[in-house]
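Work through the exercises below with the sequence and the model open side by side. Each task is followed by a solution in steps.

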Amino acid sequence: MGTTTPPRTLAEALRARDDESLAGLLRARPDLLTPVPGDITQLATRAGTRASVVRALEHLDRFALQTAEALAVAPDPAPYETLLGLLTGDGRDDGEHRGGADTAIGDALPAALDTLREQALVWGEDDRLRLVRTARELLAPSPQHPSPTGLGPTVAEATAGMSPGRLQEILAAAGLPTTHDPVSAVTSLSALFTDRARMGELLDTAPAEALSVLDRLVWGPPYGEVTPNPTPPVKWLRDHGLLLPVSTRTVVLPREAALHLRAGRAHRVPEPRPPAVEAVATRDPQAVDSAAAGQAFLAVGTVEELLKNWNGGGPAILRAGGLSVRDLKRTATALDVSEPVAAFWTELAYAAGLLASDGEADERYAPTPAYDDWAELPAQDRWARLAAAWLAATRTPGLIGGQDAKGRALSALGPDLDRSAAPEVRHRILALLASLEPGTAPDPETVLARLRWERPLRGASTSAGDTTDLRSRIALWTLNESELLGITGRGALAAHTRALLDSGPAEAAALLAPLIPEPLDHVLLQADLTAVAPGPLERPLADMLSALADIESKGGATVYRFTPGSVRRALDAGQSAADLHAFLAAHSRTPVPQPLSYLIDDVARRHGHLRIGAASSYVRCDDEAVLNEILADRRSATLRLRRLAPTALAAQVDPASLLEGLREMGYAPAAESAEGDVLITRAGARRTPPRTPPVPVPEGPPVPDSTLLGAAVRAIRAGDTAATVVRKDPADAPATTPGSLPRTTSAETLATVQAAAMTGSALWIGYVNADGAASQRVIAPVRVEGGFVTAYDHTADEVRTYPLHRITGVAELADDAAH
C-alpha cells in the first residue's frame, strides 16, 4: 500500500495510493467524478454513498461479488486466511461435490480482491481486510434482505432482545456453565458453535429428525416457522440454541452454527471461473461469411424498400408517439415479414437517422435527407452504417408489443423503448462470439450463463435457463437480430463483423464488398407480363422498374408484374409510352413481349383523356360519350357530379378524391393545373427537415479519457494538500478545526502575503469566489499589487490572480508542504 502503518480509514487508504491507482478507481467508477472531488476525503465519502456502492456492486462479476459477500459475513476486519476459509471451507466433508474448485478459488481470490480494492469496496492490508460499511450493510444477512449466501444473523444479533434467563437456560441445555451477564452468555454460546469438536459432540446427541430440520435450513433460507407447541425435534433445537427465536412464530439458524454445518463455507457453489461458451456447431468460415453477406445485402434492401414505401409520406404518428398496430401490420405485409421483424427494421432505420417525423401539423413518418445520401452509397457502406447504428442504439425493438411500468402498450418508434444496457450487452455478446474460432456457432444457453456470471446483479435471476431478466432477453434478441442484419451467418460471427469490432466500419465494408453481388443492368421480360431480375439491379434501373411494375415475389430473383395501374403510375410520373418502350428494350435481355407492348399502348391511349382540376373539382373531356358514361354509372354517385358543359363535369369532392374515384371505376384520368397543363406526380418527393439520429441513453456517466483522469487526479491531490497541510497558527489565534477557513484581519493578510512573495514561501489561504463558494488553497505568492495577489496555486496547478478582499485569512505552512 505504500505506508508503514496500516490505514485507519478508507480516506487514508486512498491517500496512500499512487496516481495510477487513483485513476484506475475513477475509471472503474466514473460516477465519482461528477463533480470532481475537492480532496481525498470527499472522494472517500462519495465512494461510500449507497447509490455509488450499488452501481459498483452491479458491475462485479460473480466471484468478485461472492468474495464481497463472504467478507460481509466475516468478522470486521478479517484476515486473508479467514476470507479464504469462507470460500473454500475448513476441509471437512459437507456433502457437496466440488472437484478441484478449492484450488481454483485460491488461484482466483487475489485477482478478485484486487478488483474490490481498485474499486474502493475493500481496503486494508491482507491481515486486516475491511469491506466498505455501505457494502456490508447491503450484503450482510438481514430479515428484510436475505443474503445470497443463505446465512442468517450471528448469535449476538439473534439474541439481542432475549431475556437473560432464557440465555442461561440455553447454556444449561447445551452443557455450558451459566454466566453472570448476557454478554458473556452470548460469547460462550458463540464459542461452542465455532468449536469444531464440541459442536460435533452436541450434534451427536441430536435426534435424527432434528438433523433433518437443520439440513433444510443450512443452505438457506435460514428462517422457519414454528407453532406454539413445536415438534420434539424443533423443541430440542430451540432448547439447545441451534434455533433462536426471531418472533413468536419464527426461528432462525444462527450464522455460526450454519457455518459449522457447511464445513465453513459461505457459498454452496463458489464460481471462481467463468463458464465456458460452448459450441453447438462448427461450420466452414467461408460458408458463414457468404451466408452473412447474403443476409446483409437483404437487410440493406429491406430498409431501402421500407423507406421507398414511405417516400410519399409514411403512416401517421400516434398522439402518444409511435406507430399504430394497424400501420405496423401493413408495414409487415408490405415487407413480407412478421410484425416483430418489421418493428426491428423500422427501429433500425430510425436509429440510423434515415427515418423521422416530418414535423407537420398532421405528423407522419418520412425519410430524412440523410436517406438520399445513404441510398447513393455502395451496398457494403450502407450495411456498415446500419450495423454501427444498431451496435450503439439503446432503443430495444424486442420490447415492442409489451407494456411499460404503467401498463401502457409499447409501440414501434414510440417512447420508453430505450434500455441503457442494450449496447453493452450487444458488444459483449459479439465479443464472446469473436473469442471463438471462426465458423463456430455458440450454444445460446452457455452465452446466457456467461453473461449472468459477468453481471449477476444486473438481472432478476441467476438460475440456469431462466431468461426472464432484461439482460438475458436483450441477449436473445441480440442473437436473433445479428442473424437478421448479417452480423452472423448460420449462428457464427462473420469476418466482416470481426473487422467492424476491431477496426471500424470502413474495414468491415472492405471485407464485405467482394461478397456482395454486383448490381445488374438488365432484366428478363416474360410473356405473362412479368419481369425477372436475376440479382440486384443498378439503382436507376431499380427505381424506374419499381415505378413501372409491382413486386410480386422476392428471393434469389425478384419478380415484377406489369399491370394497368403500375403502367399508369409511370405515366403519372411524366414518362411517355415511347419512353417506356425504349426503357424496356434497352434493359431486357429478352425481346419485349407483344402483350406488354399492347398494355403500355392501351393505358397510354386512355391516360389523360379525362382531365381533373379544382373547382371544388371538375372533369373535362373532349369525348361527350365518355362523360355520359360516367354520369350514367351508379358508382359515380358518391362523387356528386353535374354537367357544366357538354365536355365538362363539376364535382363536390376534392381533386384527389375525384382522381381516386374515377380510377376505381376503371378510367385513367390525369390531374391538371389551373393553366390546363398535366400535373406530373413524382415518387419520393416528401422528406423531413434535416434530422439527427436519436441519441442513445447512456448507462451512467461516460468512462473518462486519460486527459480528464490526469487532470482530476492532480486536482484531488492538490485539494488534499490544501486540506491536510500542516500550518502555523499564531500563538494568540484560536485553534482552527479541520475543514474550517483561516481567519485573519486585512492588514495581517496583506503583510503575510507580501512577506511570502519576498521569501518565495507557500501559504494556506481561505478564499470565497464571486458565487460565494468557499475553498481552501495552498499558494506561492509571486506579486502583490493593486489589491490583487498573483500566485502559483498548488490546488489548481496553475498561476492565478486573487483579489485580496476575497481572502478570508492566511496561515504559514509548518514546512514547504506544497513542494
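**Exercise 1: A charge and two rings**

R382 lies over the face of W374, at 5.6 Å from the ring centre. The model is a predicted one.

Task: Classify the ring pair F344 and W345, and state whether each residue is buried or exposed.

Solution.
- Step 1. Searching the whole structure gives 4 aromatic pairs.
- Step 2. One of them is F344 with W345, where the centres are 5.0 Å apart and the planes make an angle of 55 degrees. Planes under 30 degrees apart would be stacked and over 60 edge-to-face, so the rest, including this pair, are tilted.
- Step 3. F344 has a relative accessibility of 3% and therefore counts as buried, the cut-off being under 20%. W345 is at 2% and also counts as buried.

Task: Do the same for Y371 and W374, and locate the two residues in their helix.

Solution.
- Step 1. The ring centres of Y371 and W374 lie 6.1 Å apart, and the planes stand at 35 degrees, so this pair is tilted.
- Step 2. Both residues sit in helix α19 (residues 369-375); because they are 3 residues apart, about one helical turn separates them.
- Step 3. Y371 and W374 are both buried. W374 is also the residue whose ring face R382 lies over.

**Exercise 2: Two threonines**

Task: Which of T134 and T707 is buried, and which is exposed?

Solution.
- Step 1. T134 belongs to helix α8 (residues 133-139). Its relative accessible area is 11%, under the 20% cut-off, so T134 is buried.
- Step 2. Leaving aside residues up to four places away in sequence, T134 touches G48, T49, R50 and V53.
- Step 3. T707 is found in helix α32 (residues 706-724). With a relative accessible area of 61%, over the 50% cut-off, T707 is exposed.
- Step 4. For T707 and I630, the separation is 77 residues in sequence and 78 Å in space, taken from C-alpha to C-alpha.

**Exercise 3: What covers a helix**

Task: Which residues of helix α24 are buried, and what covers them?

Solution.
- Step 1. Within α24 (residues 495-502), the buried residues are H496, T497, R498, A499 and L500.
- Step 2. Their cover includes the helices α16 (285-309), α20 (379-392), α21 (422-434) and α25 (505-512), together with strand β11 (492-493).
- Step 3. After α24 comes G504, which has a positive phi near 110 degrees.

**Exercise 4: Two open sheets**

Task: What is the strand order in the sheet of 4 strands, and which strands are its edges?

Solution.
- Step 1. The order is β12-β13-β15-β14, the pairing is antiparallel and the sheet is open.
- Step 2. β12 (524-526) and β14 (550-553) each pair on one side only, which makes them the edge strands.
- Step 3. On average, neighbouring strands of this sheet are turned by 30 degrees against each other, direction ignored.
- Step 4. β12 pairs with β13 (residues 530-533) over 3 bridges, in the antiparallel sense. L525 has A531 of β13 as its bridge partner.

Task: Repeat this for the sheet of 3 strands.

Solution.
- Step 1. This open sheet runs in the order β3-β5-β4, with antiparallel pairing.
- Step 2. Its edges are β3 (223-225) and β4 (244-245).
- Step 3. Between β4 and β5 (residues 250-252) there are 2 bridges, again antiparallel. The bridge partner of L244 in β5 is V252.

Terms used. Residues are numbered from 1 along each chain as its sequence is written. This is a predicted model: local features need pLDDT of at least 70, side-chain atom pairs count only at pLDDT 80 or more; totals for chains, interfaces and linings use all residues. Side-chain values use heavy atoms; hydrogens and water are left out. Rings of Phe, Tyr and Trp (its six-membered ring) pair if their centres lie within 6.5 Å; planes under 30 degrees apart count as stacked, over 60 as edge-to-face and the rest as tilted. Buried means under 20% relative accessible area, exposed over 50%, partly exposed in between (1.4 Å probe, protein chains only). A charge sits over a ring if NZ of Lys or CZ of Arg is within 6 Å of the ring centre and within 35 degrees of the ring normal. Contact means heavy atoms within 4.5 Å. Two strands pair if DSSP finds at least two bridges between them. Axes are lines fitted to C-alpha atoms, for helices over the stretch in contact, and angles run from 0 to 180 degrees between N-to-C directions.
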